[in-house]
Each structure stands twice: as structure tokens, then as C-alpha cells.
2 protein chains.
Amino acid sequence: MPRPRCSVYIATSLDGFIAREDGRIDWLSIVEREGEDYGFKRFFDTTDTLVMGRKTYETALSFDTWHYTGKRCIVRTHAPGESLHGEEFYSGDLVELMERLAEEGAKHVYVDGGMIISQFLAAKLVDEVTVSLIPIVLGEGARLTQKIGHDVGLELLSSKAFESGLVQITYRVV
Amino acid sequence: MPRPRCSVYIATSLDGFIAREDGRIDWLSIVEREGEDYGFKRFFDTTDTLVMGRKTYETALSFDTWHYTGKRCIVRTHAPGESLHGEEFYSGDLVELMERLAEEGAKHVYVDGGMIISQFLAAKLVDEVTVSLIPIVLGEGARLTQKIGHDVGLELLSSKAFESGLVQITYRVV
């Protein structure tokens, strides 16, 4: 059983931060444009499963609506909470998780959150990375990556500049 | 007297690092292509003055040849050494430095080195930033920026993808 395809789809500042120190992503608003989602829905619709870190999960819970209805959601945490939207909690090995997801029919996993992206990269489980570079320098904050233990080589698939100044780049992990 | 234009021209990994923890930039070699300098000479020829940090200076000294012949070089350090190639050492205020350089005829300053780039951004002295995104994730290393104290907004001027996978993006600082 082939493991599901795993994709990262994330916005960063030019200097590689995904949030401020306190987790705020208010600076993403500088690229908000009516009717422009920078391809997010098209990407999201191709995925069937989300694997997210605890912080990303807490952010998702803080919104008025649950954005992941219809998707299988795995939250990577050692402190499972109450499943409010059918989400599952998992703290074990990621390769084993991918095997189980494959057996259970997952085809395309959306990996979200800085910590978990690094864990997936470390485990060589990421197939594709799409980064939307926001035209801002933050200087400090939560980094896209934590220590991975090895370089991750990338093959450029596409890059596109938008009127807002956002540059979206997609790579295949090699 | 208008202050000289100040530009940053630097390569980073996708996750915002400009060197490994130990300073090595060996990973830049993945985009080395015969006859392709990614616009560096064209940029460099428009500059008359370099302001560089101590680490960048030490790296420059470690090469067999001095790459900055014909340019005025200011090294930002509290521990001035012997001037081997006419370089000047400076540890004072950056706004005052820019005023002095303007009076002495500088038109376009190339600001190089992670620490000094952040200091220039903090002092609102940077006009243009060109980042060459190398298709690699490092996970750790020397960051493009240190704490700046405020957001730095950018206006996208151009972006260009190369066959090697390098994506070069130029912004105006707003």
C-alpha cells in the first residue's frame, strides 16, 4: 500500500517566520484581496486528511467555525482533548501513522504547523511544499522549520507573483 | 545631501537561513551553473560602497582574492584590525555613517551580512532587498534577520525563476 502523498501549504514572511512570537498571524492581512485565495481552495479540495500540530489545532478551534468539515483530522499531541469535530489525537510514530492512513484510504495529506512540518521533513514524508511568501520582514517569531537533522533538497515546480506582492512557490521534495 | 541608496542582495534557504550554524555556505553550490551569476555582477557594478558585518568580512578575507577592489569598504566592528585592502572600520551610528558617506560621494551602498542587514532595517536605511531563494530547507543556521523591533513592509518589484530552481525576488522597502 503506497503511503499517501503529503503536502505542505503555508505562508511565511520573507525571513522565514510563520507567526509572531505570540502566535499572531495578523500580518497575513496585507495580502488579503477580495475573491483571491491564492489557490488555497483548489489545493484543499485535493486533500482528504489533515495532520496538524497542537498550536495549529488550537488556532483552528479559536475560529467561529470549524474549517475542516468533511476532512479526516489528526492532531499531533501528547495531551489529547475532547474531540469536538471528529478529530483524532495521535502522539506516535509518523511513519506508522502514514501506513495506517494508507490502509484506511487516505490519498493526500495536508501537513500543517511549523513543528509538525519539521517532523515530517525529518521523517522524509513530505512530497510537495508550497510556500506563499508574504511581502514583509518580521525579524522574529515562530520559524517555518525547527532542527531537521539533514538538508532537504527541493525541485522547483512553479512560482507565481501576485498583484498583492505575494510570491507563491511550489517545490517537489527530492 | 540625500543619503545613498542602500541595497541588500543575499541568498537564503527556503526557511530563511543565510549560512549554517558554523558559517558554511556550501549549500549555495546546488545552484551553481556555468556562466550564470543570477544578476550579481550587474547589481554589484551599480554599487560604489560596501558596508559589511564582521563575519562577512572574515569570510571575504578567507578567499584567495579580495573581491571588492575598487569599492569603498566599511566593516562594522568594535574590534578593528589591520586594513589590508583599504577597508575602513566603523562601530558608530549608522545614520551618521550614511550622512558621512553621502557627503563623501557615495551613491549606492551594498549592505551585506545578516546582523548588519537587521541593523540597517531597524534604522530604516534599506531601500531595496533582493533575495535569491535557494531550493533547500536547512532547518537551522544563521538567520537572515535578527530582532528588528518593527515590521518591515515590502513592495514586490520583480520575481524570476531560474532553471536551477533558484527564485530571485526584489522588493522595495516601504
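1. In what order do the 9 strands of the open sheet that includes strand 8(A) stand? The order is 8(A)-10(B)-11(B)-7(B)-1(B)-6(B)-3(B)-4(B)-5(B), and the pairing is mixed, where two strands pair if DSSP finds at least two bridges between them, and where helices (H or I, at least four residues) and strands (E, at least two) are DSSP runs numbered from the N terminus. Strand 8 of chain A and strand 5 (88-90) of chain B are the edge strands, each pairing on one side only.

2. A word on conventions. This is a predicted model, in which local features need pLDDT of at least 70 and side-chain atom pairs count only at pLDDT 80 or more, while totals for chains, interfaces and linings use all residues. Residues are numbered from 1 along each chain as its sequence is written, and chains are lettered from A and ligands numbered from 1 in the order in which they are written.

3. On the link between the chains, strand 8 of chain A pairs with strand 10 (residues 152-161) of chain B in the antiparallel sense over 2 bridges, and A:Ile136 has B:Gly153 as its bridge partner in strand 10 of chain B. Within chain B, strand 7 (residues 128-134) and strand 11 (residues 167-173) run antiparallel and are joined by 6 bridges, with B:Tyr171 of strand 11 as the bridge partner of B:Val129.

4. A further open sheet of 9 strands, again with mixed pairing, has the order 5(A)-4(A)-3(A)-6(A)-1(A)-7(A)-11(A)-10(A)-8(B). At its edges stand strand 5 (88-90) of chain A and strand 8 (136-137) of chain B, each with a single partner strand, so one side of each is left without a neighbour in the sheet. Strand 3 (residues 49-53) and strand 6 (residues 108-112) of chain A pair in the parallel sense over 4 bridges, and A:Met52 stands opposite A:Asp112 in strand 6.

5. As to the interface, 31 residues of chain A are in contact with 31 residues of chain B, contact being counted if the C-beta atoms of two residues, placed from the backbone, lie within 7 Å. On the chain A side, strand 10 of chain A gives the largest share, 7 residues, and the residues of that side divide into 17 nonpolar, 8 polar and 6 charged (Ala, Val, Leu, Ile, Met, Phe, Trp, Tyr, Cys and Pro count as nonpolar, Asp, Glu, Lys and Arg as charged, and the others, Gly among them, as polar).

6. On symmetry, a turn of 180° and a shift of 0.0 Å along the axis lay chain A on chain B with an RMSD of 0.0 Å, the copies being superposed by least squares on the C-alpha atoms of residues with pLDDT of at least 70 in both. That is the relation of a two-fold axis, and in chain A the C-alpha nearest the axis, 2.2 Å from it, is that of A:Gly16. Since 100% of the interface residues of chain A are also interface residues in chain B, the copies meet through the same surface.

7. Helix 3 (residues 94-103) of chain B has B:Leu97, B:Met98 and B:Leu101 as its buried residues, a residue being buried if 20 or more other C-beta atoms lie within 10 Å of its own, exposed if 12 or fewer, and partly exposed in between, with C-beta atoms placed from the backbone. On the other side of helix 3 of chain B, B:Val95, B:Glu96 and B:Glu103 are exposed. The buried residues of this helix pack against strand 3, strand 4, strand 5 and strand 6 of chain B.
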